[in-house]
Amino acid sequence: MSATFAPPQTRDYPGLTEASIAHARELIGVPLRRRPHYTVATRDVLLRWAKALGSRNPLYADLSHGTLHTPWAALVAHPTSIFGFDDTFVAPRLAGIHALYAGVSIEWQRQVRAGDTLHADAVLTGVEERDGRFCGPMVLQTGEVRYVDGRGQPVAVARPRILRTPRDPARRLGKYDGLTRHHYEPEEMARILKAYEDEEVRGDVPRYLEDVHEGDRLSPIVKGPLTTEDMNFFVSEVSETRAFREFIAHARRHPADVYWHEDKGMPDSWDASLLLDKVAREFGFPCAHDTGLQRVSWMEMLVTNWMGDLAMLRKLDVRLHAPFLHADTAWLTGTVTGTGVTDRRAHATLALDCANQRGETVASGTAVVELPARSFEPLQPGLVVA
Amino acid sequence: MAERAITEEGIAELESRLGSYYRSGPYRLDVSADDIRNNARMNGDWNPLFVDAAYGAGTRYGAHVAPPTYVDLIKHYTATAIGGLPGVHAFHTGNDVEFFRPVRAGDVIGPTFRPWRVERKSGRFAGEMVAMDMEILYRNQFDELVAIAHGNVFRVVREDARRRAKYADVTPAPYTAAELERIWDTYDHEEVRGPEPRYWEDVAVGDVVGPIVRGPLRVVEVSFRNWYGGGQLTGAGGMTFGGHYHQFREYLDRPGYAETDEATGVDDHPHRGHWEDSFARKIGVPGVYDIAVQRTAWHATLMTNWAGDDGWLRRVWCEFRRFNVEGDTTWITGKVVRKWIEGREHMVEIELAAHNQRGEDSTPGGAFVVLPSRNPGAYVPGDPEARR
């Protein structure tokens, strides 16, 4: 390492330029270097993911249920546990420009079970210039992450959306400056705790295609208030956090991506904003916040709670619309928008919503679930045919 | 409302359990290559023996082995699992861990623990305290003893700790560029002995070991290491059981355990001084403080770096005399103080220190290391017949 690595003289962060955007575009289609947190879906990995989500679904949270009582014949992974094998943050280049997760579209080809090996390849697929009230000009990077199993067979494909948002304009515009951590009265907490107790998991009672109708409502779920514990659990499952020597080596190679603590004169990584308010405020958020991936996982839980042990989640599409802050609570609801059979696959399509404690929509999406059917025509969900 | 004080009844209850064995589920069902790699990484250990799953096959172990302090991920070797004295905080004060056999990827490790000691004490930090020790035995799937760990804690009433805060006036100045350069330089010069044997015959009393450096400490290094760096702060075994529902259910089931966040009115983790600055200060610590077993691991790392693939860390012990807080940098150093032969084992004793940037030794300790010897009958690690 040659140059001195020390706090920069000024706190002005880089802005977007034609050159830096063109530089980012050069990577479209080029295989990216990734840092997978896990390579093997051990029982521990799958059970921890269920814990991190606050899941009680026995298919994913119990060691013997899936093995003894379902056709999967194993401890099954929550579909979004693939994030532990690639976190889908595809946001290369544009050093010094903040990155915010904006959503993802995922399709699953196979279930993941305890013992599976998963490998992911990722490419950047697009770099589009956008504009908005948060920071003015920004860039949307889209990507494609392909997960395969130990045999090289496709497991899932994720298409993430990451917004690149310059920090200085975001601070100046102050779109979210008025927001603070919510304070809960005892009655509000009691309502949330009751919602946890009332949460329904369909589990081993099959939800047949013939019994599902357009307009059916999914049993709602609550997540929150978001605590530091929730952050620790979740981030520890998806992030290959750099520590000590690894962090310092990375920071010295990429000085433009470093957050400097002014009071301590020490470098840090930007994921500290998931816990530290002062880091979040640096890029225009009012306080510490979620990763974005959490809301995608909660949407998945809303659907997997509803669909039952025999079903398979085939597609999940989630868009994030606003920050989700520490102490926010998410109320997730969904509705059936249609059912049918296509190429011998019985399916239901769902519309999903995620609102915070102020009633604002912080995420929305759609899902496609493959369902078991009473009719003998459709295949059993998840069955792979040549 | 639970009593948050050290009471005679509370102490008597703890004393009545001395000699009782507890077998809790391990925090991990399987020792996986990913877990080994992440455990090493999150402690700053980059030894290929631990972070490269393919490397160990070419060593005497013939397999991917875990850092010796990995067993903390099976059952955290502090003494908080003993419980008792609800609402009375626990500070981890030391470790003494002996290692007998390697842990390999694919092994299954089962822990058993029991209270070892309960004793009233008083100190400048927080007045009246209770000292508690816990012993943990770790066995593998062949019922072979892998390690024995001792963890020591002080139990302290939180409000008392804050009132008597002896650290309240510590306000560190920011690092200068020269101070940072010194840290980067130590990182650049960290050595891992690796495949070249360090023969017992070539080591002399007085030899200096290290330094290695760890820091400046970041909150994410304490917080997002939960499952890996050691210290199962969140998770099974007496801490919280998971996110969202699991967490709130546990707080309801354990009155007096959670600590309400004043700004939000929401219950949150009672040990969040490990990642929340305002909470740390509330209990008398001048900032987010580390999970102390990380420093036990740093001592172990200096030893495994130095001992090489053919050496074996037999024992490491240390006392946590100072908090290690956000922004602190720690230099781990050692000095060989003794050499001897015990049966087939060629042993050295290393005196260990962990000096921070203020010059304080936060974690004095020591270790026994078994080194390879030119004596053909010497013990080598991984040798199934090798015991004293």
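Which residues form one aromatic cluster with W270(A)? Select Y13(A), F134(A), Y176(A), Y259(A), F283(A) and F285(A) along with W270(A), and the cluster is on the screen. Bear in mind throughout that this is a predicted model, and that every value quoted on this tour is computed from its atoms.

**From the cluster to the ring pairs**

Keep W270(A) displayed and add R167(A), which lies over the face of that tryptophan at 3.5 Å from the ring centre.

Over all chains, the structure holds 24 aromatic pairs. For one of them, select Y38(A) and F85(A), whose ring centres are 6.1 Å apart and whose planes stand at 55 degrees, so that the pair is classed as tilted. Colouring by secondary structure helps here, since Y38(A) sits in the loop between α1 (18-25) and α2 (43-53) of chain A, while F85(A) sits in the loop between α4 (65-69) and β1 (98-108) of chain A, and the pair therefore ties together parts that are 47 residues apart in sequence. Are these two rings buried or exposed? Y38(A) counts as buried at 1% relative accessibility, and F85(A), with a relative accessible area of 1%, is buried as well.

Now move to chain B and select F91(B) and Y289(B), an aromatic pair that is tilted, with 6.2 Å from centre to centre and 45 degrees between the planes. This pair links distant parts of the chain, 198 residues apart: F91(B) belongs to strand β1 (residues 88-99) of chain B, and Y289(B) to the loop between α8 (277-282) and α9 (293-307) of chain B. F91(B) is buried, with a relative accessible area of 7%, and Y289(B) is buried too, its relative accessible area being 4%.

**Where the two chains meet**

Next, show both chains and select the residues in contact, of which 72 come from chain A and 69 from chain B. Between them, chain A and chain B bury about 5,700 Å², with 58% of that area on carbon and sulfur atoms. On the chain A side, pick out E229(A), F244(A) and R245(A), which lose the most area to chain B and together make up 15% of what that side buries.

How many salt bridges are counted between chain A and chain B? The count is nine, and there are also 31 residue pairs in polar contact between the two chains, both residues being at pLDDT 80 or more. To see which elements of chain A touch chain B, highlight α2, α6 (186-198), α7 (228-238), α8 (245-253), β6 (259-261) and β7 (266-268), each of which gives two or more residues to that side. The largest share, nine residues, comes from α7(A).

Two stops at this boundary are worth a separate view. At the first, R56(A) lies over the face of Y245(B), at 3.4 Å from the ring centre. At the second, the side chains of E240(A) and R41(B) meet in a salt bridge with an N to O distance of 3.4 Å.

**Salt bridges within the chains**

A search of the whole structure finds 63 salt bridges over all chains. Begin with D149(A) and R151(A), whose side chains meet at 3.2 Å, N to O. D149(A) counts as buried at 13% relative accessibility, whereas R151(A) is exposed, with a relative accessible area of 60%.

Then select D211(A) and R374(A), which form a salt bridge with the closest N and O atoms 3.0 Å apart. D211(A) lies in the loop between α6 and β5 (221-223) of chain A and R374(A) in the segment after β11 (361-370) of chain A, so this salt bridge ties together parts 163 residues apart in sequence. D211(A) is partly exposed, with a relative accessible area of 39%, and R374(A) is also partly exposed, at 46%.

In chain B, turn to R358(B) and D328(B), whose side chains meet in a salt bridge of 3.0 Å, N to O. R358(B) is in the loop between β10 (345-356) and β11 (365-371) of chain B and D328(B) in the loop between β8 (312-319) and β9 (330-342) of chain B, so the pair ties together parts that are 30 residues apart in sequence. R358(B) counts as partly exposed at 36% relative accessibility, while D328(B) counts as buried at 2%.

For the last selection, take R35(A), E240(A), E246(A), D34(B), R37(B) and R41(B), which salt bridges with shared partners join into one network.

Technical notes: Residues numbered from 1 in each chain as written. Chains lettered and ligands numbered in written order. Predicted model: local features only at pLDDT ≥ 70, side-chain atom pairs only at ≥ 80, totals over all residues. Heavy atoms only, no water. Phe/Tyr/Trp six-rings, centres within 6.5 Å; stacked < 30°, edge-to-face > 60°. Helix = DSSP H or I, 4+ residues; strand = E, 2+ residues; numbered from the N terminus. Buried < 20%, exposed > 50% of the residue type's maximum accessible area, 1.4 Å probe, protein only. Lys NZ or Arg CZ within 6 Å of the ring centre and 35° of its normal. Contact = heavy atoms within 4.5 Å. Buried area = accessible area lost by both parts, 1.4 Å probe. Salt bridge = Lys/Arg side-chain N within 4 Å of Asp/Glu carboxyl O. Polar contact = N/O pair within 3.5 Å; in protein donor to acceptor, adjacent residues only side chain to side chain.
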